[in-house]
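Student: I would like to learn how to read strands, loops, cores and backbone angles from a model of this kind. Could you take me through it feature by feature?

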Amino acid sequence: MKYRPSRRARRVAIATAVVLALAGVNGPALYGFASEKYHQYTINKPEYKAAKGHWDVVDVPDAYRINTIHAALLHTGKVLLVAGSGNNAANFKAKSFRTVLWDPARNTFKNIPTPKDLFCSGHTQLPNGNLLVTGGTQRYEKLGGDVKKAGGLMIVYNENPDGPRTFPAGTLFTGKQNGKTFAAKDAIVVPRAKKTKDPATGRVTVTHSEARVYVEALEDGPAYSTGAQDNYRIHGLTGADARNFYGIAQKLSFDKKDFQGIKDSFEFDPVAERYISVDPMNEARWYPTLTTLEDGKVLSVSGLDEIGQVVPGKNEIYDPATRKWTYLPKQRFFPTYPALFLTDKGRIFYTGSNAGYGPDNVGRTPGIWDLKSNAFRVVPGMSDPKILETSMSVLLPPAQEQRYMVLGGGGVGEDPRSTAKTRIVDLHAPSPRFTDGPDLYEKARYPSSVIMPDDTVLTTNGSGDYRGRSDSNVLKAELYDPKANTSRAMADPLVGRNYHSGALLLPDGQVMTFGSDSLYADKDNTKPGVFQQQIDLYTPPYLFRSSRPELTDPGPKSVALGGTATYRSSRPASIKKMRLIRPGSFTHVTNIEQRSIALDFTATKDGVTVTVPKDPSLVPPGWYMLNAVDDQGTPSKAVWVKVPQAGHPG
């Protein structure tokens with residue numbers, strides 16, 4: 001059938017022809033305008049959309065525009081957009097913390113009261129459908145020249161085995177040798193000292209406990225800095241308390257002060273649409289990674305602590321049943337926001353991707369981590385291993401194959417280097433080893449990758465330099481086909497997206513992109529950047545086809561591991577794949593939640609019957625999107641289904 005352009009397309013074409021004619025008369029003055037008109041005409045042609053997809057801008061009212069740092073798809077179909085203070089020190093000082101709930105189906109928005117500064121927190125999906133959100137910001141960084149008061153780490157000791165002690169914010173410490181006084185910036189709880197008795201001799205030994213707090217001088221100026229370790233008495237204590245409780249600090253100076261984390265933890269309830277406070281973590285964390293395990297518990301790793309240092313390998317587990325945290329018995333160090341995936345046999349695969357902080361030579365080697373033994377098996381072969389920070393990692397579909405891809409990346413910290421490399425590893429190989437896949441569209445830090453229902457991976461944006469420096473944003477997108485190991489270009493994104501950006505698959509098969517926090521707004525790096533608050537929607541080529549499968553009956557809301565469920569469909573014979581997709585939870589080039597699981601199925605006269613795999617390390621408990629994919633590769637709209645924890649009712 002011959003394509004007949006719409007009236008709008010004909011108007012654009014006529015206008016373009018007129019403008020091009022005028023451009024011939026008036027020269028360069030109209031050339032840019034004409035080029036843009038022609039570009040708009042091209043990208044709106046049906047054949048272009050069918051080949052490369054299409055981008056649209058989401059209409060967000062001003063009252064709901066925020067600096068989206070974190071985004072998570074909830075089982076209600078809504079998206080939680082979290083800014084906290086939004087990388088804005090003025091918002092932090094004013095305690096202006098933002099969360100917005102967006103309903104893509106209706107394009108409605110709702111402001112959500114935000115209890116703490118969840119900027120740079122960690123988050124993950126829980127078995128009951130709540131979103132666990134932990135950590136965030138206690139204090140913004142200060143560069144060396146901006147530090148007005150000497151300060152640093154104070155370790156507070158307790159030699160009393162009979163009880164803990166709480167010291168409020170503002171508690172004063174005075175050095176016994178230097179005579180200088182510093183104030184605690186936050187409240188601190190010092191545990192009771194440990195008392196042990198030797199069964200052979202009956203001798204009792206007391207081992208002190210300790211806690212850490214950030215302290216600052218009472219006044220500005222270099223006279224208040226210290227240069228060596230000192231023992232500090234705590235104001236207000238007398239007698240035995242003055243002997244049992246004391247502080248020790250090394251140099252308290254004007255050095256750069258990094259961001260500091262918080263211990264606070266919350267569950268966001270998608271039904272009640274509110275945050276619920278749960279027990280805090282044992283460690284304060286800013287830039288942590290949360291990974292849901294096969295039993296529904298959550299692993300929390302890394303982050304900057306309450307004094308701005310990377311947590312030294314103290315990892316912990318959250319139990320949703322008790323809402324409490326416990327330490328892992330052995331330590332293992334990772335840089336901040338490490339990409340830690342749940343893999344088969346309940347092990348953790350670290351791809352080497354990370355974002356932010358940590359030494360350049362510790363904890364950056366990819367490998368398989370056994371939580372029970374703490375053993376770590378290195379996976380070799382990573383190309384460009386020194387420029388792996390701010391790379392993206394994806395569990396390639398289907399998840400059963402246990403093949404992982406690492407895309408792009410840059411040098412540690414503000415290093416200007418970046419890479420276009422993609423690297424792939426098969427963990428089911430006898431000796432897993434990374435090999436290079438097809439190069440990305442360009443060298444890129446901060447690319448955002450999304451697993452699609454048709455078993456492809458969409459990757460968009462990024463920047464060639466740190467935070468888009470020197471106008472290095474990449475306005476490109478591509479689809480990677482894992483089966484063919486090839487990529488093809490998609491429609492160009494509408495805006496640049498680098499640091500603090502991301503993307504999520506939505507239930508209707510579209511992809512949302514959000515955020516971007518460029519350091520500068522010009523090529524010469526003279527104008528400060530402005531946070532990109534625009535949200536865009538990408539409609540993939542598969543949604544421009546003439547037909548689409550449907551799952552018309554929602555079927556059961558809960559299907560057990562190894563269980564079956566039947567769904568009605570108008571064209572069951574056309575269905576070639578069934579996919580169970582875990583909803584994404586994205587921040588800082590990290591989305592370890594997303595995975596697409598192939599389901600065995602049989603077509604019936606009026607529908608399909610699917611079987612969920614038995615392995616909980618393949619299908620961790622929680623809510624999933626179920627998609628049918630037809631013989632053209634077109635997915636249905638998703639149906640939500642809950643996979644409960646093994647041995648638990650749905």
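Student: How many bridges join strand 9 to strand 18, and in what sense do the two run?

Tutor: Strands are DSSP runs of E of at least two residues, and helices are runs of H or I of at least four, both numbered from the N terminus; two strands pair if DSSP finds at least two bridges between them. Here strand 9 and strand 18 (residues 245–249) run antiparallel and are joined by four bridges, and Asn-158 has Phe-245 in strand 18 as its bridge partner. Strand 9 is also joined to strand 16 (residues 209–217), antiparallel again, by eight bridges, with Ile-155 opposite Arg-212. The model is a predicted one, in which local features need pLDDT of at least 70 and side-chain atom pairs count only at pLDDT 80 or more, while totals for chains, interfaces and linings use all residues. Residues are numbered from 1 along each chain as its sequence is written, and side-chain values use heavy atoms, with hydrogens and water left out.

Student: How many of the eight residues of strand 9 are buried?

Tutor: Buried means under 20% relative accessible area, exposed means over 50%, and partly exposed lies in between, computed with a 1.4 Å probe on protein chains only. In strand 9 (residues 151–158), seven of the eight residues are buried, so the strand is mostly covered. Strand 32 (residues 422–426) is likewise mostly covered, with four of its five residues buried. Strand 32 pairs in the antiparallel sense with strand 31 (residues 403–407) over five bridges, where Ile-424 is the partner of Met-405, and also with strand 33 (residues 435–436) over two bridges, where Arg-423 stands opposite Asp-436.

Student: Which strands stand at the edges of the open sheet that contains strands 26 and 29, and why is one side of each left without a neighbour?

Tutor: The sheet has four strands in the order 26-27-28-29, paired antiparallel. Strand 26 (340–342) and strand 29 (376–378) are at the edges, and because each has a single partner strand, one side of each has no neighbour in the sheet. With axes taken as lines fitted to C-alpha atoms, and angles in general running from 0 to 180 degrees between N-to-C directions, neighbouring strands here are turned by 25° against each other on average, direction ignored. Strands 27 and 28 are joined by three bridges, and Tyr-350 stands opposite Gly-367 in strand 28.

Student: What surrounds Thr-351, in the loop between strand 27 and strand 28?

Tutor: A contact means heavy atoms within 4.5 Å, and a polar contact is a pair of N or O atoms within 3.5 Å, where, within protein, one must be able to donate a hydrogen and the other to accept it, and residues adjacent in sequence count only if both atoms are side-chain atoms. Thr-351 is buried, with a relative accessible area of 0%. Leaving aside neighbours within four places in sequence, the contacts of Thr-351 include Ala-339, Phe-341, Met-382 and Phe-434. Its side chain makes a polar contact of 2.6 Å with the side chain of Ser-393, and a polar atom of that Thr-351 side chain lies 3.2 Å from the backbone nitrogen of Ser-353.

Student: Which residues touch the most other members of the largest nonpolar core?

Tutor: A nonpolar core is a set of buried Ala, Val, Leu, Ile, Met, Phe, Trp, Tyr and Cys residues joined through side-chain atoms within 4.5 Å. The largest one has 69 residues, and Val-79, Leu-81, Trp-102 and Met-512 touch the most other members. A second, separate core of 36 residues includes Ala-339, Phe-341, Val-559 and Leu-561.

Student: Which backbone angles deserve a second look?

Tutor: Most residues other than glycine have a negative phi, and most peptide bonds are trans. In this model, Tyr-287 has a positive phi of about 75°; Tyr-287 lies in the loop between strand 21 (274–278) and strand 22 (289–292) and counts as buried because its relative accessibility is 3%. Asn-87 has a phi near 60°, and this residue counts as partly exposed at 26% relative accessibility. The peptide bond from Pro-397 to Pro-398 is cis, with omega near -10°, and Pro-398 is found in the loop between strand 30 (392–395) and strand 31.
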